[in-house]
Amino acid sequence: MIKRIGKTIIQPTHTASCHCGAVLFELDLPDGVVDPKRCNCSLCRRKGAVMGTVALSGIRITQGADFLTVYRFHTGVACHYFCSRCGIYTHNVRRSAPTQCGYNIGCLDGVDPAALEHVSMSDGANHALDRGVE
Ligand SMILES: [Zn+2]
């Protein structure tokens with residue numbers, strides 16, 4: 001668990017935003033940022049965002065839900081949300097773990113993901129559900 005990134009202390013409930021400020025959200029992160037990841041799937045390799053994971057019940061859109069647009073591809077199960085005004089990818093709901101939510105660590109207020117010491121790579125290009133394994 002990571003409780004500090006650069007100079008920013010990760011709060012038990014940390015606020016987050018898109019770039020233009022239309023979309024505000026908050027995340028329950030009692031254990032800080034857990035297992036930050038990049039992903040090599042066809043979408044993520046274009047975005048390059050570093051993602052964290054939170055329980056679906058641990059994310060709340062506090063402003064601008066109307067600005068969020070959802071993008072789906074491939075099987076159409078996973079939902080990738082982004083701000084329709086500034087285009088920033090805020091979070092996703094994964095098909096591999098529908099009770100979890102991935103969030104863009106770069107959206108956390110005061111956090112620069114470049115200050116993370118270790119970011120592992122998720123092999124989304126070879127998705128477990130595409131290989132027929134759980
Ligand atoms: Zn925005």
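In this predicted model, β3, β4 and β7 form an open sheet of three strands, in that order, with antiparallel pairing. The edges are β3 (13–17) and β7 (59–63), each of which pairs on one side only. From one strand to the next, the twist averages 25 degrees.

The pairing can be followed strand by strand. β3 and β4 run antiparallel and are joined by five bridges. Within this pair, His-14 stands opposite Leu-27 of β4, and Ser-17 has Leu-24 of β4 as its bridge partner. The two strands make a hairpin with six residues between them, and in the turn Gly-21 has a positive phi of about 90 degrees. β4 is also joined to β7, by four bridges, again with the strands running antiparallel. Here Glu-26 has Arg-60 in β7 as its bridge partner.

The side chains of β4 alternate between two faces. Phe-25 and Leu-27 point to one face and are buried. Leu-24, Glu-26 and Asp-28 point to the other face and are not buried.

Leu-27 leads from the sheet to the nonpolar core. The largest such core has 24 residues, and Leu-27 and Tyr-103 are the ones that touch the most other members. At least two residues of this core come from each of β4 (24–28), β9 (79–83) and β11 (100–104). β9 gives the most, with three residues.

Tyr-103 can be examined in the same way. Leaving aside residues up to four places away in sequence, Tyr-103 touches Leu-27, Met-51, Gly-52, Val-54, Ile-59, Thr-90 and His-91. The two residues that touch the most other core members, Leu-27 and Tyr-103, are therefore in contact with each other, as C-beta atoms within 7 Å count as a contact.

The whole chain sets these details in context. There are two helices and 12 strands, and along the sequence they follow the pattern β-β-β-β-β-α-β-β-β-β-β-β-β-α. The radius of gyration is 14 Å, close to the 14 Å that the globule rule gives for 134 residues, so the chain is as compact as a globular protein of that length. Taken along the principal axes, the C-alpha atoms fill a box of roughly 40 × 35 × 25 Å.

Two further values describe the packing of the chain. Of its 134 residues, 26% count as buried. Among contacts with a separation of 6 or more, 58% are between residues 24 or more positions apart.

Definitions and conventions. Residues are numbered from 1 along each chain as its sequence is written. This is a predicted model: local features need pLDDT of at least 70, side-chain atom pairs count only at pLDDT 80 or more; totals for chains, interfaces and linings use all residues. A nonpolar core is a set of buried Ala, Val, Leu, Ile, Met, Phe, Trp, Tyr and Cys residues joined through C-beta atoms within 7 Å. A residue is buried if 20 or more other C-beta atoms lie within 10 Å of its own, exposed if 12 or fewer, and partly exposed in between; C-beta atoms are placed from the backbone. Two residues are in contact if their C-beta atoms, placed from the backbone, lie within 7 Å. The radius of gyration is taken over C-alpha atoms; the globule rule is 2.2 Å times the number of residues to the power 0.38. Two strands pair if DSSP finds at least two bridges between them. Axes are lines fitted to C-alpha atoms, for helices over the stretch in contact, and angles run from 0 to 180 degrees between N-to-C directions.
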